[in-house]
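Student: I would like a close look at one helix pair. Please set it in its surroundings too.

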Amino acid sequence: MFVVKIFLVALFLLLIADFLSTFLYHVPEHVFGKFHTIVHHGTNRSFVRYALITKNPLVLFNGFLGVLPYFLFIPWFWSISPLGTVLGLVLGELHVLWRHLSTNKWQTPKPILNLCNCLCITTPERHWLHHQNADLAYGDIFTFYDRPARSWLSFLWSIKRKYEQSIETFKA
Ligand SMILES: [Zn+2]
Ligand SMILES: [Zn+2]
């Protein structure tokens, strides 16, 4: 029971954090923001490094918003299982590093690839698709967030276009 609790808390932390990060940060950021695309989809993937170069604290703040969902519920998860909370955070961080391995140098072994496909976990190969084309492969950790995220993306784009059109008509 003890082990199951640790595992479940870690899993829920990652599920909730990836959900919030995808729908409230990542997708809106592609439509309305600019820093995620410049930093995360450019050659320099570190918000810290980029903020130091540009001396723009907003960049750092933007990077912080992306990871905030991972920290929001720590007190709650901690009260259920501190070990599970730590495990979730460690796994989340390891996944960030893993999914950003360069696909030139890294190829996920077939058994792991099959396992990830079964468990709907994003592989470096899949995440690379998103870096190449921001319309594809959403869900930083879980692939089942991809479909609803892309619907959310087109919905937000339509809102933005309508807003821009109304501004245009207002100007005219
Ligand atoms: Zn990425
Ligand atoms: Zn992105």
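Is the crossing in which α1 passes α4 left-handed or right-handed?

Tutor: The crossing of α1 past α4 is right-handed (the near helix is turned clockwise from the far one by less than a right angle; anticlockwise would be left-handed). Ala-17, Leu-20, Ser-21 and Tyr-25 make the contact from α1, and Leu-65, Gly-66, Pro-69 and Tyr-70 make it from α4 (contact: C-beta atoms, placed from the backbone, within 7 Å).

This is a predicted model: local features need pLDDT of at least 70, side-chain atom pairs need 80 or more, and totals for chains, interfaces and linings use all residues. Residues are numbered from 1 along each chain as its sequence is written, while chains are lettered from A and ligands numbered from 1 in the order written.

Now the geometry. Helix α1 covers residues 2–32 and helix α4 covers 57–72. Their axes lie 8 Å apart, at an angle of about 150° (lines fitted to C-alpha atoms over the stretch in contact, with angles from 0 to 180 degrees between N-to-C directions). The pair is therefore roughly antiparallel (over 145 degrees).

Next, the surroundings. The protein has nine helices and zero strands (DSSP runs, H or I over at least four residues for helices, E over at least two for strands). Its C-alpha trace spans about 65 × 40 × 35 Å along the principal axes. Of contacts between residues at least 6 apart in sequence, 57% join residues at least 24 apart. Of the 172 residues, 22% are buried (20 or more other C-beta atoms within 10 Å of the residue's own).

Helices α8 and α9 offer two further views of burial. In α8 (124–132), Arg-126, His-127 and His-130 are buried. Seen down the axis of α8, they fall within an arc of 95°, so they line one face (the arc is that of directions from helix axis to C-beta atoms). Helix α6 (82–99) is included in their cover.

Take Arg-126 of α8. Arg-126 counts as buried because 20 other C-beta atoms lie within 10 Å. Neighbours within four places aside, Arg-126 is in contact with Ala-137 and Thr-143. Glu-93 sits 33 residues from Arg-126 in sequence and 17 Å away, C-alpha to C-alpha.

Helix α9 (146–171) is hardly covered: zero of its 26 residues are buried. From first C-alpha to last, α9 reaches 37 Å, close to the expected 38 Å (1.5 Å times one less than the number of residues).

Terms used. A residue is buried if 20 or more other C-beta atoms lie within 10 Å of its own, exposed if 12 or fewer, and partly exposed in between; C-beta atoms are placed from the backbone. Two residues are in contact if their C-beta atoms, placed from the backbone, lie within 7 Å. Angles under 35 degrees count as roughly parallel, over 145 as roughly antiparallel, 65 to 115 as roughly perpendicular and the rest as oblique.
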